[in-house]
Number of protein chains: 2
Amino acid sequence: MDLMEPFASEVDFSRGVIEPVGDVIQRHLSDMSGMYADADAVDRILSQGDRLIYEVYAADLPEGEGQVLYCTTILYPGRVGEELHMTKGHFHAQRDRAEVYLGLAGEGYLLLQADDGTVRSVPMRSGTAAYVPPHWAHRTVNTGDEPFIFFAAWPGDAGHDYGTIEETGFAKLLVARDGEPTLVDNPKAESMRNRRQTDG
Amino acid sequence: MDLMEPFASEVDFSRGVIEPVGDVIQRHLSDMSGMYADADAVDRILSQGDRLIYEVYAADLPEGEGQVLYCTTILYPGRVGEELHMTKGHFHAQRDRAEVYLGLAGEGYLLLQADDGTVRSVPMRSGTAAYVPPHWAHRTVNTGDEPFIFFAAWPGDAGHDYGTIEETGFAKLLVARDGEPTLVDNPKAESMRNRRQTDG
C-alpha cells in the first residue's frame with residue numbers, strides 16, 4: 001500500500017491565503033453574470049470592466065473516498081444592483097455529503113437551499129462554525145465592508161454539482177436594504193423553475 | 001426524507017470552547033497513565049492529585065457516512081517526566097479515513113504513526129492546517145507554555161480505534177530536552193510490541 005505523506009500548509013486568517021499555494025480559483029462577475037438577479041446592473045458593471053468576486057485557495061489533495069478536502073474562500077465586499085456579492089453555490093454531486101465552514105474574518109451569511117426550494121440562512125463571522133448538512137445546496141454572501149474569509153472542509157468523494165443552481169437559482173436573494181442584509185424572494189427563480197419544467 | 005436543519009456554533013479561537021456546548025471530553029493523567037513512558041513520574045504526580053491534560057469540545061452531530069464531524073481540542077502545557085503533554089492518539093476504525101487539523105492558538109506537534117511503526121512529526125501553530133492522510137494514527141503534543149488549541153474535521157464514518165495505540169504506544173516520544181522539543185525513541189515501544197506478538 002502506498003502511504004500518503006502527512007503535510008502542513010499555513011492559512012493566513014486575515015488574508016485568507018493558503019501557502020504553499022496549491023489550486024487557486026478566481027471567479028469574476030463575467031463567470032457568473034446570469035446568477036445575479038439584476039441583469040442591467042451586471043451589464044453596467046461589465047461595460048466598465050470585469051470584477052473579481054471571490055477567490056478559492058484549495059489544498060493540494062486528491063479527491064476520493066476517505067480524504068478530507070479543504071480550502072479557504074475570500075469573498076470580496078460589494079453589490080450587483082442591490083444584491084450582495086456571493087459565491088456560485090452548489091450541491092454536492094453525492095447529495096448526502098455534508099460540509100463544515102469556519103469563519104476567519106469579515107461578515108457574511110451561509111445560504112442553503114433544499115431540493116424542494118426551502119431556504120435557510122446562517123450569519124457568520126470570525127469563529128462561526130456553520131454546518132451544511134447532507135442534501136443542502138450552499139452559497140455564501142458577503143454582508144460586510146471587508147473581505148469575508150472562511151475555511152471549509154468536506155468529504156473527498158462529495159464532488160460538485162454547480163449546474164442545478166445555475167439553472168434554477170436560489171429561491172431567495174440576500175440584498176442590502178436600508179443598510180441591512182435582507183432576504184427577499186428571487187424574482188427570477190419562479191420563471192427559471194417554470195422554464196425548467198417546460199424544458200422537461 | 002428527513003432533512004437535517006443547518007446550524008451554527010461559535011468557536012472561541014483563544015479559549016478553544018465551542019458554544020453552545022455539546023459533548024465535552026476531559027482527559028486526566030489517570031485516564032492515560034500507562035501511555036507516558038516515565039511510570040515513576042506518573043506515580044509522583046498522581047500521588048499529589050490528578051491533572052487535566054486536555055479537553056475536547058465536539059459538535060453535536062450524528063456519526064455516519066456523509067457527515068463531517070468536528071471538534072476543538074485544548075491541550076494544556078506541561079510535562080510528565082521529560083515527556084510533553086499529549087493526547088491519547090488513535091487510528092480511525094475505518095483506517096482509510098483522513099482528518100484535517102487547523103491550529104488556533106499555542107504551539108504543538110502533530111505526531112503520526114503508520115502501521116509499520118513509521119513516525120512523522122508536523123509542527124503546528126495558529127494557522128497551520130495539518131493533514132492526517134488515510135491510514136495514519138495521530139496524536140498531538142503541546143510544545144509551548146500556553147494551551148495548544150486546534151480545530152479538527154473528519155468523516156462521519158471514520159470511527160475511533162484507541163486500543164491499538166494503548167497497546168503498542170508510539171515508536172517515538174516528544175520530550176523537552178535543553179528547552180527544545182526533541183523526538184526520541186520510546187523505550188517502552190519495543191517491549192510493548194514484543195509482548196503483543198507473544199500474546200498473539
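The pLDDT is the predictor's confidence in each residue, on a scale from 0 to 100. The structure shown here is a predicted model, and in chain A this confidence averages 94, with 94% of the residues scoring at least 70. For the model as a whole, the scores are an ipTM of 0.94 and a pTM of 0.95. Where pLDDT is low, the predicted coordinates should not be read in detail.

A good place to begin is a sheet in chain A, in which 3 strands are arranged in the order β10-β9-β12 and form an open sheet with antiparallel pairing. Its edge strands are β10, covering residues 119–125, and β12, covering residues 137–142 of chain A, and each of these pairs on one side only. From one strand to the next, the twist averages 25 degrees. Looking further into this sheet, the reader can follow β9 of chain A, which spans residues 107–113 and pairs with β12(A) in the antiparallel sense over 6 bridges. Within that pairing, Leu111(A) has Arg139(A) in β12(A) as its bridge partner.

From the sheet we turn to the backbone of the loops, beginning with the peptide bonds. In chain A, the bond that joins Glu19(A) and Pro20(A) is cis, with an omega of about 0 degrees, and Pro20(A) is found in the loop that runs between β2 (18–19) and β3 (23–28) of that chain. In chain B, the peptide bond from Glu19(B) to Pro20(B) is likewise cis, its omega being near 0 degrees, and Pro20(B) has its place in the loop between β2 (18–19) and β3 (23–28) of chain B.

Chain B also offers two residues whose phi angles deserve attention. His135(B) is not a glycine, yet its phi is positive, at about 80 degrees, and this residue sits in the loop between β11 (128–132) and β12 (137–142) of chain B. His135(B) counts as partly exposed because it has 19 C-beta neighbours inside 10 Å, whereas a residue is called buried if 20 or more other C-beta atoms lie within 10 Å of its own.

Asp178(B), which is not a glycine either, has a positive phi of about 55 degrees, and its position is in the loop between β14 (172–177) and β15 (180–185) of chain B. Because Asp178(B) has 5 C-beta neighbours inside 10 Å, it counts as exposed, the cut-off for that class being 12 or fewer.

Conventions:
Residues numbered from 1 in each chain as written. Chains lettered and ligands numbered in written order. Predicted model: local features only at pLDDT ≥ 70, side-chain atom pairs only at ≥ 80, totals over all residues. Helix = DSSP H or I, 4+ residues; strand = E, 2+ residues; numbered from the N terminus. Pairing = 2+ DSSP bridges. Axes fitted to C-alpha atoms, helices over the stretch in contact; angles between N-to-C directions.
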